[in-house]
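I opened a notebook page for this structure and went through it element by element. The entries below follow the order in which I looked things up.

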Amino acid sequence: MKTMQSFLIFFYILDQSYNQCKKDDIGGFLGVISPELWEDGQPVDKAIFNDWQKFNNPKTVDKTNIMERIYNFLVYYEKEFGFNFSETKQWLISIENEAVVEEAYNNTQLMYQKFRYDN
């Protein structure tokens with residue numbers, strides 16, 4: 001999987017969680033990682049994008065393990081930066097993964113068509 005592809009799937013899965021998890025820090029977090037706010041399709045906060053890339057070798061991320069990778073990344077961000085993603089983490093382990101991942105993957109494909117990312 002390409003770096004931006006894995007990041008976009010990460011974003012779109014978390015974006016789906018937002019409707020269920022409004023009591024933790026996911027809303028603010030989504031605001032700073034959103035690739036939909038700027039005209040170039042890049043995440044607002046490049047540092048989180050870089051952290052995602054360092055934490056998860058994109059070549060080893062795929063549809064079967066991305067939920068686990070997201071969960072572990074959120075745990076890391078809670079420990080490092082004091083976020084509270086407790087509801088979001090619970091949602092990640094309790095949902096039907098396949099449908100959520102597929103929707104995120106489809107949204108990612110649309111972003112790739114629109115912005116023609118290199119990575």
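Which residue just after H4 takes a positive phi? I looked it up in what is a predicted model, and the residue is glycine 82, with a phi of about 80 degrees.

**Entry: H4**

I stayed with H4 and checked its length. The helix has 16 residues and reaches 22 Å from its first C-alpha to its last, close to the 22 Å expected at 1.5 Å a residue. I then listed its buried residues: Ile66, Met67, Arg69, Ile70, Phe73, Leu74, Tyr77 and Glu78. I noted that Arg69 and Glu78 are on that list. For their packing partners I found H1, H2, H3, H5 and H6.

**Entry: valine 61**

Next I went to the loop between helix H3 (46-55) and H4, where valine 61 sits. I asked myself whether valine 61 is buried or exposed. Its relative accessibility is 2%, and because buried means under 20%, valine 61 counts as buried. I looked for its contacts, leaving out residues up to four places away in sequence, and found Met1, Ser6, Asn56, Ile66 and Arg69. Two of these names, Ile66 and Arg69, I had already written down as buried residues of H4. I also took one distance: the C-alpha atoms of valine 61 and lysine 23 are separated by 28 Å, with their positions 38 residues apart along the chain.

**Entry: H1 against H2**

I turned to the pair formed by helix H1 (residues 3-17) and helix H2 (residues 26-33). Their axes come within 10 Å and cross at roughly 150 degrees. The crossing is left-handed. Which residues meet there? From H1 I wrote down Phe7, Phe10, Phe11, Leu14, Asp15 and Ser17, and from H2 Ile26, Phe29, Leu30 and Ile33. By class, the residues of this contact divide into eight nonpolar, one polar and one charged.

I also looked at glycine 27, which is found in helix H2. Glycine 27 has a relative accessible area of 31% and is therefore partly exposed. From its C-alpha to that of lysine 54 I read 23 Å, the two being 27 residues apart in sequence.

**Entry: H5**

For helix H5 (86-94) I began with the buried residues, which are Thr88, Lys89, Trp91 and Leu92. Seen down the axis of H5, these fall within an arc of 160 degrees, so they line one face of the helix. On the other side of H5 I found Ile93 and Ser94 exposed. The cover over the buried residues of H5 includes H1, H2, H4 and H6.

**Entry: H6**

I made the same kind of check on helix H6 (residues 97-115). At 1.5 Å a residue its 19 residues should span 27 Å, and the end C-alpha atoms are 27 Å apart, so the two values agree. Which residues of H6 are buried? I listed Val100, Val101, Ala104, Thr108, Met111, Tyr112 and Phe115. Looking down the axis of H6, I found them within an arc of 110 degrees, so they line one face of the helix. I kept the general rule beside this: an α-helix has 3.6 residues a turn, so residues three or four places apart point the same way. The face of H6 turned away from the buried side carries the exposed residues Glu98, Leu110, Gln113 and Lys114. Among what covers the buried residues of H6 are H1, helix H4 (66-81) and H5.

**Entry: the segment after H6**

I finished with two residues in the segment after H6, arginine 116 and asparagine 119. Just after H6, arginine 116 takes a positive phi of about 50 degrees, and I marked this as a positive value in a residue other than glycine. Most residues other than glycine have a negative phi. Arginine 116 has a relative accessibility of 64% and so counts as exposed.

Asparagine 119 counts as partly exposed, at 34% relative accessibility. What does asparagine 119 touch, not counting residues up to four places away in sequence? I found Lys2, Thr3, Met4, Gln5, Phe49 and Tyr112. Tyr112 is one of the buried residues of H6. Asparagine 119 and lysine 2 are 117 residues apart in sequence, yet 5.6 Å apart in space, C-alpha to C-alpha.

Terms used: Residues numbered from 1 in each chain as written. Predicted model: local features only at pLDDT ≥ 70, side-chain atom pairs only at ≥ 80, totals over all residues. Heavy atoms only, no water. Axes fitted to C-alpha atoms, helices over the stretch in contact; angles between N-to-C directions. Helix = DSSP H or I, 4+ residues; strand = E, 2+ residues; numbered from the N terminus. Left-handed = near helix turned anticlockwise from the far one by under 90°. Contact = heavy atoms within 4.5 Å. Nonpolar A, V, L, I, M, F, W, Y, C, P; charged D, E, K, R; others polar. Expected span 1.5 Å × (residues − 1). Buried < 20%, exposed > 50% of the residue type's maximum accessible area, 1.4 Å probe, protein only. Arc of directions from axis to C-beta.
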